[in-house]
Amino acid sequence: QAHPTPGAGLLAGKVVLVVGGSTGIGADSVRVFAEEGASVMVAARSRDTLAALTEELTAAGHDVAYSAGDVSVGADVARFVDDTLARFGRLDGAFNNAGINQYGPLDEVSEEDFDRIMAVNVKGTWLCLREEIRAMREKGGSIVNTSSVGGFRGNTGLGAYQATKHAVIGFTRTAAHDNGPFGIRVNVVAPGPTETPMFVQWRHDDPAAVERRIASVPLRKAGTTTEVANAAAWLLSDRASQVNGVVLPVDGGYSA
Ligand code: NAI
């Protein structure tokens, strides 16, 4: 069904997996996708946080379940997908949003920190794509990966983070070519500065730096987690049925 009924919810009847859904953009996405009619499997490491989020949304009448594990471990990611299939019977959409940050210039990054960010942001995205594509091969689906405006430009002092977010775009473009013939679309949301707990803390610690950053955003504000979630919801939905392999900045024009 390429044109969902208006008013029925953008994701009505769909089963969506959100990896990296315990906090920030991911947790708000679970809420938005559920409100748009999806059944949602939410995955991240913290079982307690996932249980609380699932309980809250279930109490609000939504169809949500969770699967705890580490995105950098192949067996855990396979379980995210297996649990989705066991609980909901299929997989129509996936939002691969788990990611960690890194601060400091490259010459100050430790080998251990480099390996960790590569394991979560790069290997983790690949593991998600591998398992989700296998699950979607027969019936098609839509996958959205979270990159960043740092995925297509440089910035100061972000260690290997920018490289990992460039890699997410690389995977997405290749996966779009390989899997389009199976009816699987693969796209990217690229948030600019977004009001997550980390950002709120940054504003508290260094308000002048936050003001400078926001002054370079044409819309003169940071994005909200809901604004990123709405963009991901649209890409996951059938409204975006001819959209494949794109990078959608959600950044108020910051990268324009
Ligand atoms: P966050 O730290 O609140 O969320 C990250 C999510 O990934 C959490 O659910 C966390 O539990 C999960 N996660 C981290 N490591 C994991 C692991 N090893 N295994 C499983 N789950 C893991 O941060 P935020 O800001 O919501 O970030 C979400 C995504 O958005 C990240 O990929 C980040 O790089 C990206 N992003 C954020 C921006 C911002 O300004 N907040 C800007 C551009 C991109």
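These legends accompany several close-up views of a predicted model.

**View 1. The span that UniProt lists as a domain.**
An unreviewed UniProt entry lists residues 14-192 as "domain: Ketoreductase". Try finding both ends of this span in the structure above. The C-alpha atoms at the two ends of residues 14-192 are 28 Å apart. Helix accounts for 47% of the span, and strand for 19%.

**View 2. The shell around the ligand.**
How many residues surround the ligand? There are 25 of them, and the closest are Gly20, Gly24, Val71, Gly99 and Ser148. Sorted by class, the shell has 13 polar, 10 nonpolar and two charged residues. Two helices, H1 (24-35) and H6 (197-205), each supply at least two residues of this shell. Which element gives the largest share? That is H1, with three residues.

**View 3. Helices H3 and H4 crossing.**
Here you can follow helix H3 (residues 74-88) and helix H4 (residues 111-136), whose axes come within 9 Å of each other. The two axes cross at roughly 35°, and the crossing is right-handed. On the H3 side, the contact is made by Gly74, Val77, Ala78, Val81 and Leu85. On the H4 side, the partners are Leu127, Cys128, Glu131, Glu132 and Ala135. By class, this contact has seven nonpolar residues, one polar residue and two charged residues.

**View 4. Leu129 in helix H4.**
Staying with helix H4, we now look at Leu129, which has its place there. Is Leu129 buried or exposed? Leu129 counts as buried because 24 C-beta neighbours lie inside 10 Å, and 20 or more are needed for that label. Apart from neighbours within four places in sequence, Leu129 is in contact with Ile143, Phe171 and Ala175. For a sense of distance along the chain, pick out Arg116 too: Leu129 and Arg116 are 13 residues apart in sequence, and their C-alpha atoms are separated by 19 Å.

**View 5. Ala229 in helix H8.**
Ala229 is found in helix H8, which covers residues 225-236. With 26 other C-beta atoms within 10 Å, Ala229 is buried. Which residues does Ala229 touch, not counting those up to four places away in sequence? They are Ile25, Asp28, Ser29 and Val32. Thr194 makes a useful landmark: Ala229 and Thr194 are 35 residues apart in sequence, and 11 Å apart in space from C-alpha to C-alpha.

**View 6. Val149 in a loop.**
Val149 is found in the loop between strand S5 (141-146) and helix H5 (161-179). Val149 has 19 other C-beta atoms within 10 Å, so Val149 is partly exposed. Leaving out residues up to four places away in sequence, Val149 touches Ala190, Gly192, Pro249, Asp251, Tyr254 and Ser255. Now look for Val189: Val149 and Val189 are 40 residues apart in sequence, yet their C-alpha atoms are 9.0 Å apart in space.

**View 7. Arg220 and its backbone angle.**
Where is Arg220? Its place is in the loop between helix H7 (207-215) and helix H8 (225-236). The phi angle of Arg220 is near 60°, a positive value in a residue other than glycine. Arg220 is exposed because 10 other C-beta atoms lie within 10 Å, and a residue with 12 or fewer is given that label.

Notes. Residues are numbered from 1 along each chain as its sequence is written. This is a predicted model: local features need pLDDT of at least 70, side-chain atom pairs count only at pLDDT 80 or more; totals for chains, interfaces and linings use all residues. UniProt positions are given in the numbering used here, feature names are shortened, and annotations may be inferred rather than shown by experiment. Helices (H or I, at least four residues) and strands (E, at least two) are DSSP runs, numbered from the N terminus. A residue is near a molecule or strand if its C-beta atom, placed from the backbone, lies within 6 Å of it. Ala, Val, Leu, Ile, Met, Phe, Trp, Tyr, Cys and Pro count as nonpolar, Asp, Glu, Lys and Arg as charged, and the others, Gly among them, as polar. Axes are lines fitted to C-alpha atoms, for helices over the stretch in contact, and angles run from 0 to 180 degrees between N-to-C directions. A crossing is left-handed if the near helix is turned anticlockwise from the far one by less than a right angle, and right-handed if clockwise. Two residues are in contact if their C-beta atoms, placed from the backbone, lie within 7 Å.
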